[in-house]
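I opened this notebook to keep track of what I looked up, entry by entry. The topics are packing, voids, cysteines and a few chosen residues.

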Amino acid sequence: MFREIKNRFLRYTVILIYFVIIFFCAIEINFLGLFGYSPDMHDIRNPVLSIASEVYYSDGKLIGRYYKENRSPVDFKSISPNLINALVATEDVRFYKHGGVDFYSFFTSMLSTAKGDKRGASTITQQLAKNLFETRKRKSQGVARHIPILRTIVFKCKEWLTAYKIEHVYSKQEILTLYFNTVPFGNNTFGIKAASLKYFNKTPDKVTPDQAALLIGMLKATSTYNPIKNPDKSLDRRNTVLGQMQKYNYITRAEYESDTKEPLNLDLSYVEDESQGDSYLRSAVAKWLDKWCKENNYDLYTDGLKIYTTIDSRLQQYAEEAVTEKMKMLQRRFYDLWGSRIPWRDLDGNIIPDFVSKSEQRLPIYRSVQLKFHGDTNQIKKFFEVKHKMKVFSWKGDRDTLFSTEDSIKYYARILNTGMMTIRPSTGEIKVWVGGIDNRYFKYDHVFQAKRQAGSTFKPFAYVTAIDNGFTPCDKFTDKPVSISFMDNGKPEVWAPQNADFHFSYMDMSLRWAMGKSVNSITAQLTEKVGWDKIVDYAHKCGIESPLKSVPSVSLGTNDVSVYEMTRAYSTFLNRGNRIDPILVSKVIDQDGDVVAEFKPKDTKVLSDETAWLMLYMFRGGMEEPGGTSQALWEYPGLWKKDNQIGGKTGTSSKYVDGWYMGITKDLVTGVWVGCDDRSVHFTSSETGEGSHTALPIFARFMEKVYADPKSGYTYGLFPKPWTKITKEYNCPSPRIDTDSTTVDTVNLAPVDTSSLPKSKVEENPDNTPPQAQDR
């Protein structure tokens, strides 16, 4: 039919147009699945921004949702003309003249690119098509995505088609409104309202020209031009946008010159009121699924998944209640201890004079402020002394106050925080995850992210090394001074640890007694016998993943580890010597109701059945041996019914900076950490700050609540019987130690009656080791 056209140029032009039409039609109908999905008119009239994924407890109760659109939609009249002018001047100056695709700009951009000046030509409507319908996402692609040049052509043609449809359905004002409500600003911030509140603490209708220019400038590359991370680049980009606004007469020359001299003027005091107590858990699940989502091309925030966790809703509730109850009490104790005195102190107890200024320098906004005042420290100091209205955390509820940045730093430095995790070792399932006291104000997860010195909770790794290498729980060592010579980075060193009370009894003690009483001198002797390198190896075998410095003091917990690692490693003992890779998610279901993933725990045999069982017997020593450091648990009668058994280990780092408790029942292993986020702020005595007085009460109250609920599924009971024949001697009762009110210890050689153990208190002192670690 084309041969009837005699003019060759006209004939080829008609053929080209014909095949272009055929090509566009093929894209529109996704011919043979080559081109992927394209939105139809129904989709255009009823746009779905994204589908939230939902996360559930193991019993099916909803925890929360993941959604990408961290936005509050606004209507057109709530958008400042400054924003509209900045957008049009920068992204699409012919916006009001085209019907969705600007071919003039398209061809001029091609010409500019050919000359080496690469610039985009997508209209605002095309960008809306891409944002709203994700025309470049893999699920919108067909087989053509495997052909690079063709893939780009299909992307662009699909955006053109979608843009024409949008212009057919919506007015220019409606297109702008949709655009501003869907455009991404990075860091999970979508829509102009969320962005203007985040960066300037004001609604979109109040935005000034320079602020509008900054926000619109971010759209070119939200990470590169992020004003918090890259204030210099953000400032340059803002001024470029202001230049465009002046060029197209949206602002005057005088306004341009004035606005370009302005600093960024960020106001980051806005706090989103959308997080709840389970936000730590939602964040943990998102992190846990991150690799799986990438490998399987799922977006947690848009694909409408249903995620079932292993978290038990009852146990999670009881853990949060126990944390709230005990942390309130601990915070009052901390305030009473310090009163109006300044608590940030160095190792010698002296006030740290630059504590506040150093804290200011770690703030995300500091670089912007430094740039604003050209490094003038006096001006910077004045800026951080300006008071603002803000809400702050308190145990009596959110508190409205007038605080400067310095006030806020000083206030929050005094707040104690916590991390708590529970695992059921037999299934490898994580049952409790409490990342802190309030996710709205403290984003840092103290279960997985935070790593702190473990103190004496690390001692069991020395004892398991010994038990697995020929020693028995009944082997005896003398509580006496010890010094160990070693090489540290090529330098000769001597380590001579003190006991917690600076006292050596010179008594012979079994290993079980020594671990139960947390005797530093015997732990040090054992470390020398088995070797600190081997202790590091066993800690890693049991589940500690953090790097550990191999020095003699390693067994007293001088290295930083997380609550997650410690709970996982202790689970190895209750799981018959099998190290587990705990699971937080059991299964994931897609929008169609199909199970797309199921997760099972992996375990690796790292200890013999005998060694694992003997360690459980050793952990019971904290309750049963004279002076056992877990005996504060006797104060909780709800724990001691039906011959119930509990084992565990306290831990306190140097200067009472960190308080730990690791608790073991017949079914569960729980780890608890308590302390301030800054290590220079802490308790000052064993009576106030040791692990048995900070972390242990949280564990105790938690388990009381669990046992009191018959529907929890967890009951009182004895520890498991030996899983194999025990060949090593372990039944060696320690002598009863009777202590009068004087300083003289007396010894009664009668075996200990564990049913009537006294509620003894064991004094601790953190100043026992140069490498910053102590007993319990």
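For the first entry I took contact to mean heavy atoms within 4.5 Å. I also noted at the outset that I am working on a predicted model.

**Entry 1, a residue of the core.** With that cut-off I looked up Met566 and, leaving aside its neighbours within four places in sequence, found it in contact with Ala454, Thr457, Phe458, Phe461, Ile544, Val561, Trp660 and Met662. I then turned to the largest nonpolar core, which has 87 residues, and saw that Met566 belongs to the group that touches the most other members, together with Leu289, Ile307, Phe458 and Phe461. There is also a second, separate core, which counts 55 residues, among them Met327, Phe355, Phe442 and Met623. As background I wrote down that nonpolar side chains in soluble globular proteins tend to be buried together.

**Entry 2, the chain as a whole.** I recorded 27 helices and 22 strands in the protein chain. Of its 776 residues, 54% count as buried. When I took the contacts between residues at least 6 apart in sequence, I found that 71% of them join residues at least 24 apart.

**Entry 3, the disulfide.** How many disulfides does the structure hold? I found one, and it is formed by Cys474 and Cys732, whose sulfur atoms are 2.0 Å apart. The link of Cys474 and Cys732 is left-handed, with -100 degrees about the S-S bond. I placed Cys474 in the loop between α18 (460-467) and β9 (476-478) and Cys732 in the loop between α27 (696-708) and β21 (735-739), so the pair ties together parts that are 258 residues apart in sequence. Both Cys474 and Cys732 are buried. I looked up two further cysteines as well: Cys293 counts as buried because its relative accessibility is 7%, which falls under the 20% cut-off, and Cys542 counts as buried at 0%.

**Entry 4, a residue in the loop of Cys474.** Phe471 also has its place in the loop between α18 and β9. Is Phe471 buried or exposed? I found a relative accessible area of 17%, so Phe471 is buried. Not counting residues up to four places away in sequence, Phe471 touches Ala466, Phe477, Leu511, Leu526, Lys529, Val530 and Lys728. For one of these, Leu511, I noted that its C-alpha atom is separated from that of Phe471 by 8.8 Å, while the two residues are 40 apart along the chain.

**Entry 5, a residue of α27.** I next went to Ile698, which has its place in helix α27 and is buried, with a relative accessible area of 0%. Which residues does Ile698 touch, not counting those up to four places away in sequence? I listed Ala322, Val323, Lys326, Met327, Thr418, Met420, Val672 and Val674; Met327 is also included in the second core. The C-alpha atoms of Ile698 and Ala322 are separated by 5.6 Å, although these residues are 376 apart along the chain.

**Entry 6, the voids.** My count came to two cavities of 30 Å³ or more, and the largest cavity has a volume of about 40 Å³. It is lined by Leu416, Tyr656, Val657, Gly659, Val674, Gly675, Cys676, Val681, His682, Phe683, Gly689 and Thr694. The largest share of this lining, three residues, comes from strand β20 (residues 669-676). Sorting the lining residues by type, I obtained seven nonpolar, five polar and no charged. Val674 thus appears in my notes both in the lining and among the residues that Ile698 touches.

**Entry 7, two helices.** Helix α8 (residues 192-200) is mostly covered, with seven of its nine residues buried; I wrote these down as Ile192, Ala194, Ala195, Ser196, Leu197, Tyr199 and Phe200. The buried residues of α8 pack against α3 (81-91), α7 (172-182) and α9 (209-218). Just after α8, I found Asn201 with a positive phi of about 50 degrees. In helix α17 (residues 405-413) the buried residues are Glu406, Ser408, Ile409, Tyr411, Tyr412 and Ala413. I saw these pack against α14 (355-361), α16 (377-385), β4 (387-392), β5 (399-404) and β20, the strand I had already met in the lining of the largest cavity.

Technical notes: Residues are numbered from 1 along each chain as its sequence is written. This is a predicted model: local features need pLDDT of at least 70, side-chain atom pairs count only at pLDDT 80 or more; totals for chains, interfaces and linings use all residues. Side-chain values use heavy atoms; hydrogens and water are left out. A nonpolar core is a set of buried Ala, Val, Leu, Ile, Met, Phe, Trp, Tyr and Cys residues joined through side-chain atoms within 4.5 Å. Buried means under 20% relative accessible area, exposed over 50%, partly exposed in between (1.4 Å probe, protein chains only). On a 1 Å grid over the protein atoms alone, a cavity is a set of points where a 1.4 Å probe fits but cannot get out, and a pocket is an open set with protein on both sides within 12 Å along at least five of seven lines; lining residues have an atom within 4 Å of a point. Grid points are joined across faces, edges and corners, and a volume is the space filled by probe spheres set on the points. Helices (H or I, at least four residues) and strands (E, at least two) are DSSP runs, numbered from the N terminus. Ala, Val, Leu, Ile, Met, Phe, Trp, Tyr, Cys and Pro count as nonpolar, Asp, Glu, Lys and Arg as charged, and the others, Gly among them, as polar. A disulfide is a pair of cysteine sulfur atoms within 2.5 Å.
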